[in-house]
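Dear colleague,

I am passing on the structure below, together with some notes on what turned up when I went through it. Please read them with the model open beside you.

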Amino acid sequence: MTVIVDSEDILWLGTRNRGLCRYDKASDQFKIYSHNPYNINSISSNNVLTIIESSSERKYFWVGTDGGGLCKFYPGSGTFINYHSDENKPNTLCNNHVYTLLEYDSEHLLIGTRGSTHCGGLDIFNLKTRKFIDVKNIQDQAKSPGSKLVYKIFKDRYGVIWIGTKGGGLNKFTIINIDAEKPEDIGLFKRYISEADNPQSINNNDVLTIYEDKRSILWVGTGGGGLNRFNRNKETFTHFTEEDGLANNIVYGILEDDKNNLWISTGNGLSKFNPKTKEFNNYDIKDGLQDNVFNLGAYFKSASGELYFGGVNGCNSFYPDSVKENLHIPEIIITKFTLRKKDSVIDAREYANKSLRTLKEIKLPHKINDISFEFAALEYSSPLKNKYKYKLEGYNSDWIETDASRRFANYTNLNHGKYLFRVIASNEDGNWNEEGTGISIIIRRPFWKSIWFILSLIIIAAGILVITMITWLKKYKLEKSELEKKARDSIFDERNQLRTLIDNMPDVIYIKDSQSRFIAGNKKVAAVMGTSLKNLIGKTDFDFYTYELASRFYNDEQTIIKTGHPKINYEEPGLDEKGNRIVVSTTKIPLKNKNGEVVGIVGIGRDITRLKNVEKELRENSEDLQNTNQLLEERQEEIQQQSEELAVQTENLTRANKELERLNKTKDKFFSIIAHDLKNPFHAIIGFSELLSKDFHDMDDKQKIGLIELINVSSESAFSLLENLLQWARTQTDKIKFSPENIDIHSIVESTLNLHKISAEKKKIEIKSHVKKNYTAYADKNMVTTVIRNLVSNALKFTKSNGKIEISCDGTEKSVEVTISDNGVGINKDNIDNLFRIDSYYSTSGTLGESGTGLGLIICKEFIEKNGGKISVVSEEGKGSAFTFSLPAGKKAY
């Protein structure tokens, strides 16, 4: 698993077999990008080895995969652009196994790969020309990269490129012309490799990681030599290994915290290193790590100082300041002290009649010379990581180290004499109680070990021995020569038979020592490795396999050696004699010496590829049968569905006919309403104009103005009715163009109030707007203007003189609400439900006799719903009404 945190504080995890994972900590949401063979714009492989974020203004990532090549990923659209290796095309990626990436600048990407027979492991991708320039490894030329396999590319603060390789050590790459098309013109290389006669050279040629700390010191993590500190001025290396306290000599990642400590991920836990004191603090799975084994290149420090390390079972993240050292010195006590005499067990407390805390010395007869101790440290913060040392002075002088799983010591058949049992302990951070505790034991001498008794026995035994020896010696010499001859013949035959049997077995059989080096094997294992048995001895898997596969085998074997637990019949990848990939059923058991100590492992591997293929074929045949059955079932379902669809269509036709009849009735009623309501204003206009024409000269000016105003009111009423009728008709035929945009509610309200200013002044009605600026909705401006104009016009009609109309607006991130309220005549509760229905006739006159049909409110409802909103009314008869409608607040919400 590899890991980064991007510029938006999003966590990205590259996984094995699961693809690329995005985790938003703010919303606690995961999203996985997996390979889809039917989508060329999906990620090219589910095995992700490295990720970097581009510095470009348009956000994207570079993703390196194991077998799928290079991907350019745009997270906004979820699109991947994939680049693959093609031997038949020039200037393509040299290898599809991409281990490391470095953005040299905005136009050039440095790529580290496994390499191949036709190209090197270092590529330079020119983003302007879209060409990959392959920088080859030339074995005898030191001015080329040291290896075809590149694990790490790093750029220091001086602009120098450092390259970590497999087998080729650390490489310094000084770039001269990054745009050159010939590799030899791009820059110069200098190699730093291990030299047997130079203790200040790098101590291992597998360089897995490179890091520069705040003091510009370069740190190099190796695949077996631990941590190396590079002095750039002297060009020398200082080594820190397991002997110095490092958790493991395989170093996968290095990060520096804010207190200048280095945090190092290894093949056996996490180490904290203080460069000033040269001290290590180690952490393992007992401290909460996902596993003791971490991954190559899987480490990252976020802008907030949080450290991330990816491993074989997930990812660990933490703030270094939260990891505190335990300074408490633990008290240690002896919890149990037992004595054994033949088959009986005696508690030392009962024997001495004292508690173990007060018991400092005990004297025992010679018959009680088997003793056992149990002990414990009174430290409970992490008791499983407490360490112990104990010894029995007078029996052994060296401390014996143990851990919390073996807090006991047994001694049997002790000779007479004086002994002192001592035990000391430490907490999980290595703070020792050096004083510890102890008990003195004195075992008395038996009578038969007195000097006079021993001398008597010696004299008697000497006489018997001389006589017996003379007789026995003659017989012994004769029998010995015969037995030796038979034994030599038997051993030779047995060894030949065993070797013949093992060499003719089809399975891979081998024995390795504690360092996972081959010490024995059959012909099959030599053939698989592509070598002879003679050359196999003393080699490791790293000499024959890729680093990743060899590391997997090595970690498995070291776990078996450390725990003593075998692994039986488990499947793992392997190679046959021809180099083809196969599936191997492997059994590895610990090899113990006569003292019961694990000194190596015995391994047996069997090729089960054919068996797995047969299983796969059987499974596919079963799936084909299931698919056939499913197709038959689906066909039956389709027939049933078609039958149901015909029934639905028949029902829909019946429903459509009924709806058509209803609409025709509605249309007839609607036109009768319009004809009735248009008649009133036109009668008024004709009557008032006829009266004005006949009696014009007999009327005074006040009477003339009154009639003209009445004609004007009737004309406006007729015009408003016709305008609403036209708009309603256009909505029914979808001829009104719907053009949503960001609109300012404040400006629409102000323009509408200006239109109605004269009408309001005539009725002495106060119109007050509370709509503030910057209230923006995403809607059709003409439709919203029509809605507000109709609602304000209705409020003026049904509000008495000296009344009040108020317009307010409120909003959230998703919607805007506009309310138009008045203190007019109000609406009866029985009529509220009919306000927005064309099939229900509702009409009433205004406070000055203004006519209306309610058609304006129907148009309001249709316009608001077309813009994605809702309209409602709250009214009480005699107290007024409040119409409220909502609109989307922005384009995204809409």
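**Around Phe 885**

In this predicted model, Phe 885 is in contact with Val 787, Ile 788, Leu 791, Val 816, Glu 817, Val 818, Ile 864, Lys 870 and Ile 871, once its neighbours within four places in sequence are left aside. Phe 885 is also one of the residues that touch the most other members of the largest nonpolar core, which has 39 residues, and Ile 745, Ile 788, Leu 791, Ile 807, Phe 883 and Leu 887 share that role. Among the elements that give two or more residues to this core are H9, H11 (781–797), H13 (855–866) and E48 (880–888), with H11 giving the most, 8 residues. Another core, of 31 residues, lies apart from it and includes Ile 250, Tyr 252, Ile 264 and Leu 289.

The sheet is an open one of 5 strands in the order E43-E45-E46-E48-E47, with mixed pairing, and its edge strands are E43 (766–769) and E47. Within it, E46 and E48 pair in the antiparallel sense over 7 bridges, and Val 816 stands opposite Leu 887 in E48.

Both H9 and H11 lie across E43, E45, E46 and E48, with H9 running at about 170 degrees to E43 and H11 at about 175 degrees to E48. The buried residues of H9 (745–755) are Ile 745, His 746, Ile 748, Val 749, Thr 752 and Leu 753; seen down the axis of H9, they fall within an arc of 165 degrees, so they line one face of the helix. Asn 754 and Leu 755, on the other side of H9, are exposed, while Asp 744 caps its N-terminal end, with a side-chain oxygen 3.2 Å from the backbone nitrogen of His 746.

With best wishes

Key: Residues numbered from 1 in each chain as written. Predicted model: local features only at pLDDT ≥ 70, side-chain atom pairs only at ≥ 80, totals over all residues. Heavy atoms only, no water. Buried < 20%, exposed > 50% of the residue type's maximum accessible area, 1.4 Å probe, protein only. Helix = DSSP H or I, 4+ residues; strand = E, 2+ residues; numbered from the N terminus. Arc of directions from axis to C-beta. Polar contact = N/O pair within 3.5 Å; in protein donor to acceptor, adjacent residues only side chain to side chain. Core = buried A, V, L, I, M, F, W, Y, C linked by side-chain atoms within 4.5 Å. Contact = heavy atoms within 4.5 Å. Pairing = 2+ DSSP bridges. Axes fitted to C-alpha atoms, helices over the stretch in contact; angles between N-to-C directions.
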